[in-house]
Structure formats: structure tokens, C-alpha cells
Amino acid sequence: MTIFKKEKKVKVCPERIENKVNYKIILLLVFGNVGLYFIIDSLEENLANGIISEILIIFPLITCISSFVIAGLNKMSKTFGRSFLFLGSVIC
């Protein structure tokens, strides 16, 4: 029988981040954006304007929804939960 509550172990922040930058993903994003630019540039003006207006609505909406989901997952973390909640509310 214990009288005192068991103390939680404090997590120490690592001096160095273990996950390194994945350059393949960065290159994929760059080439995807360049390809999207050339595809839109080759279309007619009216069709290109329609696609761009849809992109300008859909991408911020995706960012808004994903930031609220991540804020919900990080409720226990004051820093990340609040920051993603603020990001979602600013974008929406």
C-alpha cells in the first residue's frame, strides 16, 4: 500500500532532432508546383481562371480543416493545441 502518488517522469527535450529533412518530399512539392504552373499556363484564359479560383478556395479549406483536426489531437499540449487552433481560426 502506497501513501504517496507515483510521480510522473519528466521528458527531457533532446538536444538534436532525430527526424531529418526528407529532401525527396521537398523536391516532389517543388516539381508538383512547377508542373501545375505549366499546366495552368497552357490552358485557355477562362478555364485557367476557373481552376485558379477553385484552387484558391480548396487549399485554404484543406489547411483549415487539418489544423482543427491536429488541434483536437493535441488537446493535452498547450503549445501545439493552441497554435493549431489559432492557425485554423485565422485561415477560416
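The expected span of a helix is 1.5 Å times one less than its number of residues, a handy yardstick for the second view below.

**View 1. The whole chain is a predicted model built from helices.** Let's start with the overall picture of this predicted model. There are three helices and zero strands in the chain, and the order from the N terminus is α-α-α. The chain has 92 residues, of which 8% count as buried. Its exposed surface comes to about 9,300 Å², with carbon and sulfur atoms supplying 67% of that area.

**View 2. Helix H2 spans residues 45-73.** With 29 residues, H2 reaches 42 Å from its first C-alpha to its last. That is close to the 42 Å expected at 1.5 Å a residue.

**View 3. Some residues of H2 are buried.** Look along H2 for Ala48, Cys64, Ser67 and Ala71, which are buried. And what covers the buried residues of H2? The cover includes helix H1 (23-42) and helix H3 (78-91).

**View 4. Tyr37 and Phe38 form an aromatic pair.** Two numbers help in reading this close-up: a pair of aromatic rings is described by the distance of the centres and the angle of the planes. Rings pair if their centres lie within 6.5 Å, and planes over 60 degrees apart count as edge-to-face. By this rule there is one aromatic pair. The ring centres of Tyr37 and Phe38 are 5.4 Å apart and their planes meet at 65°, so the pair is edge-to-face. Are these two residues buried or exposed? Both Tyr37 and Phe38 are exposed.

Terms used
Residues are numbered from 1 along each chain as its sequence is written. This is a predicted model: local features need pLDDT of at least 70, side-chain atom pairs count only at pLDDT 80 or more; totals for chains, interfaces and linings use all residues. Side-chain values use heavy atoms; hydrogens and water are left out. Rings of Phe, Tyr and Trp (its six-membered ring) pair if their centres lie within 6.5 Å; planes under 30 degrees apart count as stacked, over 60 as edge-to-face and the rest as tilted. Buried means under 20% relative accessible area, exposed over 50%, partly exposed in between (1.4 Å probe, protein chains only). Helices (H or I, at least four residues) and strands (E, at least two) are DSSP runs, numbered from the N terminus. Accessible areas come from the Shrake-Rupley method with a 1.4 Å probe; for residues, only the protein chains shown count as cover. Contact means heavy atoms within 4.5 Å.
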